[in-house]
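Me: I would like to learn how to read strands, cores and charged pairs in a model. Could you take me through them one at a time?

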Amino acid sequence: QVQLVESGGGLVQAGGSLSLSCAVSGGPFSKWNMGWFRRTPGKEREFVAGINWGSTMTYYGDSMKGRLTISRDNAKNTVYLQMNSLMPEDTAVYYCAADLEARSTWYDRRGAFVGEYEYWGQGTQVTVSS
């Protein structure tokens, strides 16, 4: 059974940093593309960042571009999201997601399409105070 467990969320002041982790189990993680999304109340899930199975391609959403680094460690079955210069509008629940099929369409859509991902974590809350 595939499981994704996010950690690292919390409360941070504006301008601060947080590092999120997503531990994956139940399958060949090194073959999967991974993504991070976020959701705020009343809004659709928003693409934050994506990384392909071999870490050769990374994509970032427009809202946090320049303030993020996505990375992965296939030996540890973990994907990371380093977030810097956080702003109150970054307050959201952050989810990691796994694309098991790794189709070419993931690249065509730059990792941003929710429908490409088959498994999702429960999310971790990030709150940025002003």
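Reply: We will go through the strands, then one arginine, then the cores and the salt bridges. This is a predicted model, in which local features need pLDDT of at least 70, side-chain atom pairs count only at pLDDT 80 or more, and totals for chains, interfaces and linings use all residues. Residues are numbered from 1 along each chain as its sequence is written, and side-chain values use heavy atoms, with hydrogens and water left out.

Me: Let's start with strands. Which strands pair with strand 8 in the antiparallel sense?

Reply: First the terms: strands are DSSP runs (E, at least two residues), numbered from the N terminus, and two of them pair if DSSP finds at least two bridges between them. Here, strand 8 (residues 78–83) pairs with strand 3 (residues 18–25) in the antiparallel sense, over six bridges. Strand 7 (residues 68–73) also pairs with strand 8 in the antiparallel sense over six bridges. On the strand 3 side, Ser19 has Gln82 as its bridge partner. On the strand 7 side, Arg72 stands opposite Val79.

Me: What do strand 7 and strand 8 form, and how many residues lie between them?

Reply: They form a hairpin with four residues between the two strands. In the turn, Asn77 has a positive phi of about 50°. Asn74 is also found in the loop between these strands.

Me: Arg72 caught my eye. Is Arg72 buried or exposed?

Reply: The scale is relative accessible area: buried means under 20%, exposed over 50%, and partly exposed in between (1.4 Å probe, protein chains only). Arg72, in strand 7, is buried yet has no salt bridge. A salt bridge is a side-chain nitrogen of Lys or Arg within 4 Å of a carboxyl oxygen of Asp or Glu. For Arg72, the nearest side chain of opposite charge (Lys and Arg count as positive, Asp and Glu as negative; His and the chain ends are not counted) is Asp73, 8.2 Å away.

Me: Which polar partners does the side chain of Arg72 reach?

Reply: A polar contact is a pair of N or O atoms within 3.5 Å; within protein, one must be able to donate a hydrogen and the other to accept it, and residues adjacent in sequence count only if both atoms are side-chain atoms. The Arg72 side chain reaches the backbone oxygen of Asn52 at 3.0 Å. The side chains of Arg72 and Asn74 are joined by a polar contact of 2.8 Å. Asn74 counts as partly exposed because its relative accessibility is 29%. Beyond its neighbours within four places in sequence, Asn74 is in contact (heavy atoms within 4.5 Å) with Phe29, Ser30 and Trp53. Leaving aside the same range of neighbours, the contacts of Arg72 include Phe29, Ser30 and Trp53.

Me: Now the interior. How many residues does the largest nonpolar core have?

Reply: In soluble globular proteins, nonpolar side chains tend to be buried together. A nonpolar core is a set of buried Ala, Val, Leu, Ile, Met, Phe, Trp, Tyr and Cys residues joined through side-chain atoms within 4.5 Å. The largest one here has 27 residues, and those with the most contacts inside it are Met34, Trp36, Leu81, Met83 and Tyr94. Among the elements that give it two or more residues are strand 3, strand 7 and strand 8. Another core, of six residues, lies apart from it, and includes Phe37, Tyr59, Ala97 and Tyr117. Ala97 lies in strand 9 and counts as buried because its relative accessibility is 0%.

Me: Finally, how many salt bridges does the structure hold?

Reply: Side chains of opposite charge can pair when their charged atoms come close. This structure holds seven salt bridges. One of them joins Asp90 and Arg67 at 2.7 Å, N to O. That pair links distant parts of the chain, 23 residues apart: Asp90 is in the loop between strand 8 and strand 9, and Arg67 in the loop between strand 6 (58–60) and strand 7. Asp90 is buried, with a relative accessible area of 1%, and Arg67 is buried at 12% relative accessibility. Both belong to a network of salt bridges that also links Arg38 and Glu46.

Me: Where else should I look for such a pair?

Reply: Try Glu116 and Arg109, whose closest N and O atoms are 3.0 Å apart in their salt bridge. Glu116 is buried, with a relative accessible area of 2%, whereas Arg109 is partly exposed at 42%.
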